[in-house]
Amino acid sequence: MIGRLDEKTLKLTISGTGTSKVFNKLLKKYKSKFSFNFVENPYGEGPSDHASFYRKEIPVIFIHSGLHEDYHQPTDDVEKINFNGMAQIINFVYVLLTDLANHPKKIRFSTTKLKQSTKNHNDVKISLGIIPNVTASTDGLKVEGVRTGSIAEKGGLKKDDIIISINGKNVKNIYDYMNRLNELDNEKSAKIKIKRNNEIKELNVKLF
């Protein structure tokens with residue numbers, strides 16, 4: 001998850017920054033030391049391994065260089081890896097871990113609040129074929145990419161669209177989105193409301 005740093009944006013997502021007050025202080029210091037454009041996500045929950053630690057009240061930091069169209073696909077080949085970017089991220093992580101290991105006081109846990117589904121994201125039976133922005137949000141789910149030949153592509157969804165509702169029910173974040181997909185189990189189509197270039201559109205997407 002750290003092999004695709006974009007050299008133009010240098011965007012590096014740091015999730016879990018709100019799970020300890022120590023993290024925000026350290027990141028402020030790093031902003032002047034590193035060239036990354038940090039995208040901070042305070043929440044400890046999320047569809048990845050760090051969530052298990054958060055639920056045990058352990059502070060977490062989850063670092064990734066962003067999703068892409070090859071994510072979880074056989075097309076994610078070695079020639080597409082940004083090795084120089086990966087080395088920069090590893091150097092940053094080394095400094096972060098060193099500072100945490102030498103921190104003079106106990107790194108105390110802080111709760112972060114994000115309303116989410118109680119269902120596991122692996123239980124979702126329908127896939128639209130989008131690459132969702134997994135960073136926690138409260139104003140919709142951003143589409144980072146659309147897979148070729150997918151339900152989403154055929155239904156008119158495009159990269160950078162923001163999904164704000166499915167069948168009239170709000171989608172504020174990744175958890176709402178997964179909930180809505182579970183509700184589509186026996187549906188043949190879905191009305192998906194999106195924001196595209198500050199314009200609201202509604203797409204009638206065929207599921208089968």
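Contact here means heavy atoms within 4.5 Å. The model described is predicted.

One part of the structure is an open sheet of three strands. The strand order is β2-β1-β3, and the pairing is mixed. Strands β2 (37-41) and β3 (62-64) form the edges, and each pairs on one side only. Neighbouring strands of this sheet are turned by 20° against each other on average, direction ignored. Strand β1 covers residues 11-15. Five bridges link β1 to β2 in the parallel sense. Within this pair, L12 of the sheet faces F38 in β2 as its opposite residue. Strands of a sheet pair through backbone hydrogen bonds, either parallel or antiparallel. Helix α3, residues 83-101, lies across β1, β2 and β3. The helix runs at about 165° to β3.

A further set of pairings centres on strand β6 (162-166). This strand is mostly covered, with four of its five residues buried. Strand β5 runs antiparallel to β6, and two bridges join them. Here L141 has I163 as its bridge partner in β6. Strand β8 is also antiparallel to β6, joined to it by four bridges. In that pair, I162 is matched with K195 in β8. Strand β7 (residues 169-170) pairs with β6 in the antiparallel sense over two bridges. I166 stands opposite K169 in β7. Together, β6 and β7 make a hairpin with two residues between them. In the turn, N167 has a positive phi of about 50°.

Nonpolar packing comes next. In soluble globular proteins, nonpolar side chains tend to be buried together. The largest nonpolar core in this model has 23 residues. The members that touch the most others are L128, I130, L157, I163, I166, Y177 and I192. Two or more residues each come from β5 (141-146), β6 (162-166), α5 (174-182), β8 (189-196) and β9 (199-206). Helix α5 gives the most, with five residues. A second, separate core holds 17 residues, including L27, F34, F36 and I63.

I163 links the β6 pairings to the largest core: this residue is the bridge partner of L141 and is among the core members that touch the most others. Neighbours within four places in sequence are left aside in its contact list. Beyond them, I163 is in contact with I130, G140, L141, V143, L157, V171, Y177, I192, K193 and I194. I166 likewise appears in both settings, as the residue opposite K169 and as one of the core members with the most contacts to other members.

Conventions
Residues are numbered from 1 along each chain as its sequence is written. This is a predicted model: local features need pLDDT of at least 70, side-chain atom pairs count only at pLDDT 80 or more; totals for chains, interfaces and linings use all residues. Side-chain values use heavy atoms; hydrogens and water are left out. Two strands pair if DSSP finds at least two bridges between them. Axes are lines fitted to C-alpha atoms, for helices over the stretch in contact, and angles run from 0 to 180 degrees between N-to-C directions. A nonpolar core is a set of buried Ala, Val, Leu, Ile, Met, Phe, Trp, Tyr and Cys residues joined through side-chain atoms within 4.5 Å. Buried means under 20% relative accessible area, exposed over 50%, partly exposed in between (1.4 Å probe, protein chains only).
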